[in-house]
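Me: I would like a close look at one part of this model, followed outward into the rest of the chain. Please keep it plain.

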Amino acid sequence: MPSAFHFAFNVTDLDQARDFYGRVLGCQEGRSTDTWVDYDFFGHQISMHLGTPFATADTGKVGKHLVPMPHFGIILLLPEWKALAERLTQAGIDFVLPPQVRFEGEPGEQWTMFFRDPFGNPIEVKGFRTEEAVYAA
């Protein structure tokens, strides 16, 4: 089995979480109880538990932008990234940082978008042309 990342965090409403992570993001639901639900988040496991979401602040300086910290996310190859960006745009997501390219023409060129789930948890989705470009220096 390839390594998979696991991240557990708080949400305040499991039905609203199911709508966002299932319908909007297109993730597959896994196990659940009346206090938590698991999702396959692009090949990784996230677990949402009822509770108070973690505090965040726009303190991460990337290029000329301040982004929410802490945050979590996923890296996709560019075709999948573009498809997700279109799905989120069509769903009317209020982007913190709208879909865009950064570091264009440089090593590490990437496409990025930041948004928050309904509970304020910040998510970044990055897109790269190749897997090798992810760690290009």
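Which residues line the largest pocket?

Reply: This is a predicted model, in which local features need pLDDT of at least 70 and side-chain atom pairs count only at pLDDT 80 or more, while totals for chains, interfaces and linings use all residues. Residues are numbered from 1 along each chain as its sequence is written, and side-chain values use heavy atoms, with hydrogens and water left out.

The lining of the largest pocket consists of F42, H44, G73, I74, I75, L76 and V134. A pocket here is an open set of points on a 1 Å grid over the protein atoms alone, where a 1.4 Å probe fits, with protein on both sides within 12 Å along at least five of seven lines; lining residues have an atom within 4 Å of a point. The space in this pocket comes to about 160 Å³, counted as the space filled by probe spheres set on the points, which are joined across faces, edges and corners. Strand β7 gives the most to the lining, with four residues. Strands (E, at least two residues) and helices (H or I, at least four) are DSSP runs, numbered from the N terminus.

Start with F42 from that lining. F42 sits in the loop between β3 and β4. These two strands form a hairpin with two residues between them, and F42 in the turn has a positive phi of about 55°, although F42 is not a glycine. F42 counts as partly exposed because its relative accessibility is 28%; partly exposed lies between buried (under 20%) and exposed (over 50%), with a 1.4 Å probe and protein chains only. A second residue of this kind is F103, which also has a positive phi, about 60°, without being a glycine. F103 lies in the loop between β8 (95-102) and β9 and is partly exposed, with a relative accessible area of 31%.

The hairpin around F42 belongs to an open sheet of four strands in the order β1-β4-β3-β2, with mixed pairing. Two strands pair if DSSP finds at least two bridges between them. At the edges stand β1 and β2 (28-32), each with a single partner strand, so one side of each is left without a neighbour in the sheet. The twist averages 25° from one strand to the next. Six bridges join β3 to β4, and the two run antiparallel; D38 stands opposite S47 in β4. On the other side of β3, a hairpin of three residues leads from β2 to β3. This pair is also antiparallel and has three bridges, with S32 opposite V37 in β3.

Helix α1 lies across β1, β2, β3 and β4, running at about 5° to β3. Axes are lines fitted to C-alpha atoms, for helices over the stretch in contact (heavy atoms within 4.5 Å), and angles run from 0 to 180 degrees between N-to-C directions. D15 is in α1; with a relative accessible area of 58%, D15 is exposed. D15 and V37 are 22 residues apart in sequence, and their C-alpha atoms are 9.7 Å apart in space.

Now the β7 side of the pocket. Just ahead of β7, in the loop that follows β6 (65-69), is P70. The peptide bond from M69 to P70 is cis, with omega near -15°. β7 itself belongs to a second open sheet of four strands, ordered β7-β10-β9-β8, again with mixed pairing. β7 and β8 are its edge strands, each with a single partner strand, so one side of each has no neighbour in the sheet. Neighbouring strands are turned by 15° against each other on average, direction ignored. β8 and β9 run antiparallel and are joined by five bridges, and R102 stands opposite Q110 in β9.

The largest nonpolar core (buried Ala, Val, Leu, Ile, Met, Phe, Trp, Tyr and Cys joined through side-chain atoms within 4.5 Å) has 30 residues; Y21, L25, M48, L88, M113, F115 and V125 touch the most other members. Elements giving two or more residues to this core include β3 (36-41), β4 (44-50), β7 (72-77) and α1 (14-24). F115, leaving aside neighbours within four places in sequence, contacts residues including F20, L25, L88, I93, F95, P122 and V125.
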